[in-house]
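Visitor: I'm new to reading protein structures. Please pick one part of this one and take me through it slowly, explaining the terms as you go.

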Amino acid sequence: MIIVDELKEGFNIMLHPKSATQKERKIGEALAFYYKISIIPLILYIILALVVTSTSAAGLSTLSAGLSGMLAIFGIITLLIIIPISLFVSAFLYQIFGRLFNVFSNPYSNTFTAIVYGIVPTILFYWLSAVPLGSLVLIIFAIWAFIVMILALANQQKTSALKAFAVIIVTSIIIGIIIGIIAFIIGLGAIL
């Protein structure tokens with residue numbers, strides 16, 4: 001029961017992040033863990049996307065089928081492609097700034113593993129995004145995912161939770177400023 005073991009580990013990570021996020025993994029192992037843990041939520045998401053959309057637009061059968069199909073495809077692309085790419089990018093940025101500020105001493109694979117552990121609460125309940133108002137409930141899981149990520153980074157990089165939190169916040173602020181400056185320059189260029 002390979003998938004069942006990963007789901008059990010995922011719920012353990014979600015419920016006991018301080019102790020359950022200490023296992024170190026290579027990048028491939030962490031990515032495989034992500035994909036295994038996302039199988040059941042993805043299947044639930046596809047079923048709900050097809051059922052909820054088609055029942056909410058019952059009178060518009062052609063439109064309903066198109067909407068439910070597009071929603072299912074969007075969920076598949078998000079879970080299988082977009083989120084994994086964002087995990088690599090986020091881990092890369094945190095690793096750069098963690099090393100820059102002499103907070104992280106372990107390799108990138110540890111940071112990537114921590115980021116994967118951090119996304120677990122959101123992934124386990126990803127299927128809620130196909131349900132009306134389910135995205136609002138996902139906000140709670142996103143907040144908990146942030147806490148799990150802080151504890152996982154602290155465990156994986158052998159640092160304090162406060163320092164891991166600082167790396168996440170400083171990285172986010174710096175990247176936000178850079179994106180803001182780029183957007184300002186592009187906007188200024190469009191005006192001129």
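Guide: Let's take helix α1 and its contacts, with a quick look at the whole chain before and after.

A word on ground rules: this is a predicted model, so local features need a pLDDT of at least 70 and side-chain atom pairs count only at 80 or more, while totals for chains, interfaces and linings use all residues. Residues are numbered from 1 along each chain as its sequence is written, and side-chain values use heavy atoms, with hydrogens and water left out.

The chain has seven helices and zero strands. Both are DSSP runs numbered from the N terminus: helices are H or I with at least four residues, strands are E with at least two. Of the 192 residues, 40% are buried. That word means under 20% relative accessible area; exposed means over 50%, and partly exposed is in between (1.4 Å probe, protein chains only).

Now for the charged side chains. The whole structure holds three salt bridges, where a salt bridge is a side-chain nitrogen of Lys or Arg within 4 Å of a carboxyl oxygen of Asp or Glu. One of them joins Glu-6 and Lys-36, with N and O 3.8 Å apart. Glu-6 sits in α1 (residues 2-15) and Lys-36 in α3 (residues 27-56), so this pair ties together parts of the chain 30 residues apart. Glu-6 is buried at 13% relative accessible area, whereas Lys-36 is partly exposed at 30%.

Stay on α1 and you'll meet Glu-9, whose salt bridge partner is Arg-25, with the closest N and O atoms 2.3 Å apart. Arg-25 lies in the loop between α2 (17-20) and α3, 16 residues away from Glu-9 in α1. With a relative accessibility of 11%, Arg-25 counts as buried.

That loop has another salt bridge to show you: Glu-24 pairs with Lys-158 at 3.5 Å, N to O. These two are 134 residues apart, because Glu-24 is in the loop between α2 and α3 while Lys-158 is in the loop between α6 (134-157) and α7 (161-191). Glu-24 is partly exposed at 46%, and Lys-158 is exposed at 56%.

Back to α1, and how it packs. Two packed helices are described by the angle and the distance between their axes. The axes of α1 and α5 (residues 108-124) come within 9 Å and cross at roughly 110°. An axis here is a line fitted to C-alpha atoms, for helices over the stretch in contact, and angles run from 0 to 180 degrees between N-to-C directions. The two helices are therefore roughly perpendicular, a label for 65 to 115 degrees; under 35 is roughly parallel, over 145 roughly antiparallel, and the rest oblique.

Which residues touch? From α1 come Leu-7, Glu-9, Gly-10, Phe-11, Ile-13 and Met-14, and from α5 come Tyr-117, Val-120, Pro-121 and Leu-124; contact means heavy atoms within 4.5 Å. Eight of these residues are nonpolar, one is polar and one is charged. For that sorting, Ala, Val, Leu, Ile, Met, Phe, Trp, Tyr, Cys and Pro are nonpolar, Asp, Glu, Lys and Arg are charged, and the others, Gly among them, are polar.

Finally, zoom back out. Among contacts in the chain with a separation of 6 or more, 69% are between residues 24 or more positions apart. The C-alpha atoms fill a box of roughly 60 × 60 × 25 Å along the principal axes.
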